[in-house]
Amino acid sequence: MSPEALSPEASRDPLPGTDAADVLIVGAGPAGSATALALRAAGVPRVVLVDRAAHGSPERAALRVGESATPNVGPLLARLGLPDDLGRLGHRPYHGNLSLWSGDGETADDFLRRGSGHGWHLDRARFDRWLREAAAERGARLLVPATLAGVERRPEGGWTVGLRDAAGRRSVTARVVVDAGGRRAPLATALGARRRRLDRLIALAVDVAVEACPTGEPAGGGFRGRSFVEAVEIGWWYAAVLPGGRAIVTLMTDDDIARAAGLAGADAFRSAWAATARLRDLVPPPEDALGAGAAPAVFSAASQHVDRAVGAGWIAVGDALIGFDPLTSSGIAGALDDALAATDTILRWFSGDGAAARAAAIGYARRAEDTLRRYLAERTRHYTAGGRWPDAPFWSRRAAR
């Protein structure tokens, strides 16, 4: 992830017919919104946040993965000037994990034993909207719906960014551009970075009502306030009770395994769910095959990264930088931490001190390399501990990395 450690020129005059920004951020998920918040808090006047999906759109309303926020999310929100008590916003406390992983029976990992307080089980759509709206309230300009159409370096410094919106195409000039566009890393790849995908992990997810189990106990009653993980031969299951009387149930497996078993279909997904050892009791699969033939939503959850974290006048954050395996529950905390680190780097670029700017870019790249190295070691430890099926494709692939 080597940087092109050059300070962007302070180019402020837009081309005729274009808008101007100090920083333009592509992507308004947690990483993008947090970057906008941090930049505005630092006094950067013109921050533009580009969001490809409008509030209330089908894309925005789709089921989201990434509902677990670890205990370190609260302090990161506080650093952004936001409340760290998400219970007031309707999210549920997350106290730890229950797992059926290594074959030694069900185990519990409570955050309190680590001295780290609790995290949150999030309504992700509500959480993401809250961050976007906070960024807009604090002065970031939100362009929505809009998508990246192209980016060119200006001879005098900075960038001209082409966007597509409901009215057609528009251009924005920016001194610095930030890729917060998720796993596709649309901006970084347009600027020559390459995505390195380490596996083919996907998430097949449904959300279901948790009113009652056949035993009369509330569904999910045995793990409310916790996440539950169960290893199976083809991957692993995740479940959590979310705000609003719903639970998310997700099967994590590789895309070729899912295709071979037809797991994107409602019947096959329900059958795999019903074959679990413990999950089927905690959250019983619906009798109607998920309701009117509904199928699980499918998302990429592959471990991946870009080969360059930062370049001359651009920087990547969140999943655009490193896409974590959901097993680590690191995505939201990583996104917020990236936002704060990227803001520090950008402020150095704007300082006018060329040596400090170069050092900041190098430091950000090294930080990304260190984060990736630690994550891959942690990922290997997790999967090695769960290797009850060493010859099964899903597990043997991870043992080899």
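Which residue in β14 does Gly96 stand opposite? Select Gly96 in this predicted model and look across: the partner is Arg226.

**The strands**

Now colour β5 (96-100) and β14 (226-232). These two strands run parallel, paired over five bridges. Add β15 (235-242) to your selection; β14 and β15 pair in the antiparallel sense, over six bridges. Zoom in on Ser227 and you will find Ala240 of β15 opposite. Two residues lie between β14 and β15, and the two strands form a hairpin. Switch on a surface next: β14 is mostly covered, with six of its seven residues buried.

**The second largest pocket**

Keep those three strands on screen, since β5, β14 and β15 each supply at least two residues to the lining of the second largest pocket. Its volume is about 900 Å³. To find the centre, select Leu327, Thr328, Ser329, Glu378 and His382, the closest to it of the 34 lining residues. Then show α11 (354-385), which gives the most to this lining, six residues. If you colour the lining by class, expect 14 nonpolar, 13 polar and seven charged residues.

**The cores**

Helix α10 also helps to line that pocket, and it leads to our next stop. Select Leu24, Ile25, Leu77, Val177 and Tyr364: in the largest nonpolar core, of 77 residues, these touch the most other members. Helix α10 (residues 331-349) provides the largest share of this core, ten residues. Centre on Ile25 and display its contacts, among them Leu39, Val48, Val50, Val178 and Ala180.

Finally, jump to Ile202, Leu204, Leu251 and Leu282, which belong to a second, separate core of 23 residues.

Notes
Residues numbered from 1 in each chain as written. Predicted model: local features only at pLDDT ≥ 70, side-chain atom pairs only at ≥ 80, totals over all residues. Heavy atoms only, no water. Core = buried A, V, L, I, M, F, W, Y, C linked by side-chain atoms within 4.5 Å. Buried < 20%, exposed > 50% of the residue type's maximum accessible area, 1.4 Å probe, protein only. Helix = DSSP H or I, 4+ residues; strand = E, 2+ residues; numbered from the N terminus. Contact = heavy atoms within 4.5 Å. 1 Å grid on protein atoms, 1.4 Å probe; cavity = no way out; pocket = protein on both sides within 12 Å on 5 of 7 lines; lining within 4 Å. Points joined across faces, edges and corners; volume = space filled by probe spheres on them. Nonpolar A, V, L, I, M, F, W, Y, C, P; charged D, E, K, R; others polar. Pairing = 2+ DSSP bridges. Lists of a residue's contacts leave out its neighbours within four places in sequence.
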